[in-house]
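Here are some short exercises to work through with the model open beside you. Try each task before you read its solution.

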Amino acid sequence: MTPLAMLDYASVLVFALTGALVASRAQLDIVGFCFMACLTALGGGTMRDLLLDREVLWIGNPAYLAVASAAAVTVFFGAHLLESRMRAILWLDAAALSFAVPAGAGIAYGAGLGWPLVLVMGVMTGCLGGLMRDVVANEVPLLLKQGEPYATCALIGAGALLLAEGTDMLPGRGALIGAIITFVARAGTLAFGWQLPVYKSRPPRS
Amino acid sequence: MTPLAMLDYASVLVFALTGALVASRAQLDIVGFCFMACLTALGGGTMRDLLLDREVLWIGNPAYLAVASAAAVTVFFGAHLLESRMRAILWLDAAALSFAVPAGAGIAYGAGLGWPLVLVMGVMTGCLGGLMRDVVANEVPLLLKQGEPYATCALIGAGALLLAEGTDMLPGRGALIGAIITFVARAGTLAFGWQLPVYKSRPPRS
Amino acid sequence: MTPLAMLDYASVLVFALTGALVASRAQLDIVGFCFMACLTALGGGTMRDLLLDREVLWIGNPAYLAVASAAAVTVFFGAHLLESRMRAILWLDAAALSFAVPAGAGIAYGAGLGWPLVLVMGVMTGCLGGLMRDVVANEVPLLLKQGEPYATCALIGAGALLLAEGTDMLPGRGALIGAIITFVARAGTLAFGWQLPVYKSRPPRS
């Protein structure tokens with residue numbers, strides 16, 4: 001298994017856990033857990049593959065569905081062991097983002113696409129699955145929460161991969177570097193509130 | 001017309017009715033009725049075709065658009081005859097699900113896909129249109145309502161088709177069996193509250 | 001640059017402004033602005049291209065991403081100059097709709113599709129980007145607001161293009177005619193409350 005494939009599986013597994021935790025908050029049955037897990041875990045990669053006109057990952061290899069469903073079953077029987085599900089969702093989501101961003105950007109880089117598309121595919125693979133999870137669950141997407149520079153972390157991670165590969169500084173290590181940088185950035189936002197300056201509105205909505 | 005094509009048209013017609021009923025709750029004009037009807041009726045099949053890299057059903061055959069729009073016009077002029085629109089939406093949705101699940105699973109089975117993909121395509125074709133309808137209308141998706149094992153009914157119906165076809169017990173009857181089983185399961189949940197055990201959270205959201 | 005390509009760029013630019021204004025209401029950082037701008041500006045055209053099995057516009061030509069991001073940056077630094085952001089969103093959205101509808105319908109017409117698909121592609125290219133913007137931002141979509149015949153304006157504009165091209169009344173001017181008619185219709189709804197009769201429910205939701 002290549003490093004990129006391993007990252008892909010890891011992101012599917014961990015995003016599936018977050019989808020199943022959202023299902024547990026909605027008190028669904030086990031099939032609902034699997035649905036939310038698959039949507040979250042595979043939504044980003046599915047869009048990436050549709051856009052690049054590649055075979056969709058889980059159509060070519062249904063093992064992805066098995067991984068996501070296994071995660072869902074684990075959460076169905078184990079979520080009550082968690083003290084704070086919201087906290088678990090946030091940190092697992094951070095880990096999944098760190099796997100998914102370099103997996104997406106790495107595939108685009110390997111396909112010889114230009115740097116804007118490498119960045120976009122990294123951000124999209126990382127963010128869209130969680131976005132679908134939150135939209136379907138009718139919650140404010142993490143992506144749009146104030147003080148949560150979610151897309152920014154994804155962009156930084158994709159940029160790190162591009163820098164490592166493109167400059168020959170660390171050829172072949174781009175995926176690893178991208179994963180580490182994404183996680184550090186996201187963990188910093190969660191633990192220390194790191195963020196870019198946000199837009200400050202003055203009056204309330206009009 | 002093959003049985004699968006008939007199921008496809010029937011699901012488009014009935015899902016379109018539910019989309020138009022949601023439009024009537026939002027008090028749209030007749031074009032808005034047609035938009036919601038087409039989105040609901042064709043959303044699931046469109047995603048199925050995009051994922052399987054087939055020609056999208058209504059691009060190849062715009063008659064689907066005509067069927068959905070006819071349903072929308074009927075509702076626009078006739079919905080006031082209904083006593084309870086919410087109840088009508090639920091039962092029509094159950095009927096549409098029973099048509100769409102075997103249509104989706106049957107196409108995947110006919111294309112020679114493995115059983116995990118047959119199940120997923122059945123569930124997806126059945127559930128995604130209604131999910132899009134509810135997400136766009138900003139309502140909690142049926143799929144996520146507590147005590148509404150929606151995806152579970154779709155999975156059971158797709159499984160019945162697979163069993164009937166795969167075991168040679170009832171070759172060529174799989175679509176019919178799948179439709180009946182899906183409807184029985186969904187009707188049972190609506191009328192008698194049938195459901196699988198759901199996840200029980202103990203503390204409130206944290 | 002052909003007239004159709006110019007319309008496409010113009011709609012991307014202006015829809016991106018509306019996406020960024022929504023980001024400013026959510027107080028995102030600059031990457032969040034770019035994300036919302038790209039989603040809004042390119043969502044409709046992306047779906048059109050996926051459905052017609054063409055190369056997705058911004059994959060083939062990443063300049064679209066640059067245009068949308070430039071719009072996002074402009075709003076990030078300039079939105080405080082606006083008196084009413086909601087009003088700016090509505091009118092910019094009207095302009096973007098007028099560019100996007102004939103761009104979408106024109107591509108379908110140029111590809112030799114039948115009139116139902118020309119109408120649908122016009123409506124879809126015009127409406128889906130804004131719909132995604134509103135769904136992600138967890139607001140009631142413009143498309144579904146009472147007294148906002150949004151899809152109707154798009155349909156009228158696409159119909160005007162079809163009429164101008166199809167009847168040889170104004171060959172080669174269809175895109176221009178479509179843009180003008182769409183804008184007049186939408187401006188009329190915003191300024192004077194023009195609308196088709198809407199569905200009148202009698203009892204409250206049941």
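The exercises below cover chain symmetry, interfaces and a pocket.

This is a predicted model, in which local features need pLDDT of at least 70, side-chain atom pairs count only at pLDDT 80 or more, and totals for chains, interfaces and linings use all residues. Residues are numbered from 1 along each chain as its sequence is written, chains are lettered from A and ligands numbered from 1 in the order in which they are written, and side-chain values use heavy atoms, with hydrogens and water left out.

**Exercise 1. Find the rotation that superposes chain A on chain B.**

Step 1. Copies are superposed by least squares on the C-alpha atoms of residues with pLDDT of at least 70 in both.
Step 2. Chain A falls on chain B after a rotation of 120°, with 0.0 Å of shift along the axis and an RMSD of 0.0 Å.
Step 3. Now try chain C on chain A: a turn of 120° and a shift of 0.0 Å along the axis again give an RMSD of 0.0 Å. These two copies are thus related as by a three-fold rotation axis.

**Exercise 2. Describe the interface of chain A and chain B.**

Step 1. Count contacts (heavy atoms within 4.5 Å): 31 residues of chain A touch 34 residues of chain B.
Step 2. Work out the buried area, meaning the accessible area (1.4 Å probe) that two parts lose on being put together, summed over both. Here that is about 2,800 Å², with 66% of it on carbon and sulfur atoms.
Step 3. In chain A, the residues that lose the most area to chain B are A:Q27, A:D29 and A:F35, together 22% of what that side buries.
Step 4. Look for salt bridges (a side-chain nitrogen of Lys or Arg within 4 Å of a carboxyl oxygen of Asp or Glu); the rule finds 0 across this interface.
Step 5. Compare the surfaces: only 13% of the interface residues of chain A are also interface residues in chain B, so the copies meet through different surfaces.

**Exercise 3. Repeat the analysis for chain C and chain A.**

Step 1. The contact involves 31 residues from chain C and 34 residues from chain A.
Step 2. About 2,800 Å² is buried, and carbon and sulfur atoms give 66% of this area.
Step 3. In chain C, C:Q27, C:D29 and C:F35 lose the most area to chain A.
Step 4. The salt-bridge count is 0.
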